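User: Got a minute to walk me through this two-chain model? I'd like the basics and then the contact between the chains.

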Amino acid sequence: MNGLQSIYTLDIAQVFSFGAILVMAYCLWLVVSLKANVPGGIIGKRWNLLMGLVMVFTVGYLTTPFFSALPEDVLRLIVGVIFLLGALYVVLTVKLIYRVIQELTE
Amino acid sequence: MNRGAVVRKTALGEEEIQTRAHGLERNLRYVLILVDGSSNVDQIVAKGAGMPDVEGSLARLAAEGYVDIEGYSSGASATTGDVTAMKVSLIAIARELLGADAGKVISKIEAAPDSREGLLEVVSQCKKVVRLLIDEDKAEALMTRCRAVLDGISTAG
């Protein structure tokens, strides 16, 4: 029963990981294809940064199927870095939205 | 535009002839060269008979400050034709400043109402679009140059 539960848990985790990889790959496609519409300006400058972060996330997410093979300290480091970059991504996005609102309402 | 009005180069026009510093379009430059300070609009149109829309080019040159046309740059009221000429000028400025990225701005100007207020509002929106999506410095330059064109309408009205 415990063995079955472990396999079931592993499968669910893998499904989530693959789902996350697919969503991030879609996000990467979106930021790269929209770049042509945002050559510069306030959004364009931030867009390059966001694009870089999405690329890092995509690479990071691609490693998730191999997490079980990684030593625990390396795993903790990767998760910590991804969390930090995730927080940075959210801050950049919120600030960008704020600037856009400022520009449109001034 | 009064076709008997004498056309003269401004200091900016003289400077452009000497230095090409403002990168005036070839067609406008040819028309500017035809301005000798004593010919009127009719005579300049006749001199430039082989060239397309010399009168429209003169209106653009006046709007952008390269020439003074008696009774046009100061005095006559802004007609629909003048506003149309201003739109052409605004589009030319957008093309010159933004190059391949001018598409969105040009569509907005083309769709703008035929009034100074309408054009001013649209130019202001275009400035925001350029600031956000293209280049902050170009946004300022676009606004400054378009304002000069629209102030030409304002002083004419």
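Analyst: Here is a quick tour, starting with how to read the model.

Analyst: Residues are numbered from 1 along each chain as its sequence is written, and chains are lettered from A and ligands numbered from 1 in the order in which they are written. This is a predicted model, where local features need pLDDT of at least 70, side-chain atom pairs count only at pLDDT 80 or more, and totals for chains, interfaces and linings use all residues.

User: OK. How many helices and strands are there in chain A?

Analyst: Chain A has three helices and zero strands, in the order α-α-α from the N terminus on. Helices (H or I, at least four residues) and strands (E, at least two) are DSSP runs, numbered from the N terminus.

User: And what pattern does chain B follow along the sequence?

Analyst: Chain B reads β-α-α-α-α-β-α-α-α-α, which comes to eight helices and two strands.

User: What share of each chain is buried?

Analyst: In chain A, 6% of the 106 residues count as buried. For chain B the figure is 38% of 157 residues. A residue is buried if 20 or more other C-beta atoms lie within 10 Å of its own, exposed if 12 or fewer, and partly exposed in between, with C-beta atoms placed from the backbone.

User: Back to chain A. At what angle do α2(A) and α3(A) pack?

Analyst: Helix α2 (residues 41-62) and helix α3 (residues 72-105) of chain A pack at about 160°, with their axes 10 Å apart. Axes are lines fitted to C-alpha atoms, for helices over the stretch in contact, and angles run from 0 to 180 degrees between N-to-C directions. That angle makes α2(A) roughly antiparallel to α3(A), a label for angles over 145 degrees (under 35 is roughly parallel, 65 to 115 roughly perpendicular and the rest oblique).

User: Which residues make that contact?

Analyst: From α2(A) they include Ile42(A), Leu49(A), Leu53(A) and Phe57(A), and from α3(A) they include Ile82(A), Leu85(A), Tyr89(A) and Arg99(A). Two residues are in contact if their C-beta atoms, placed from the backbone, lie within 7 Å. The residues of this contact divide into 15 nonpolar, one polar and three charged. Ala, Val, Leu, Ile, Met, Phe, Trp, Tyr, Cys and Pro count as nonpolar, Asp, Glu, Lys and Arg as charged, and the others, Gly among them, as polar.

User: Now the other chain. How many residues of chain B are in contact with chain A?

Analyst: Nine residues of chain B are in contact with 10 residues of chain A. On the chain B side, α7(B) gives the most, with five residues. That side divides into four nonpolar, no polar and five charged residues.

User: So how do α3(A) and α7(B) cross?

Analyst: Their axes come within 10 Å and cross at roughly 160°, which makes α3(A) roughly antiparallel to α7(B). Val100(A), Glu103(A) and Leu104(A) of α3(A) meet Lys128(B), Arg131(B) and Leu132(B) of α7(B). Those contact residues divide into three nonpolar, no polar and three charged.

User: Which residues of α7(B) are buried?

Analyst: Among them are Val122(B), Cys126(B), Lys127(B), Arg131(B) and Leu132(B).

User: Last one: Glu136(B), what does it touch?

Analyst: Glu136(B) touches Gly41(A), Ile42(A) and Arg131(B), not counting residues up to four places away in sequence. Glu136(B) lies in helix α8 (residues 136-156) of chain B and is partly exposed, with 16 other C-beta atoms within 10 Å.
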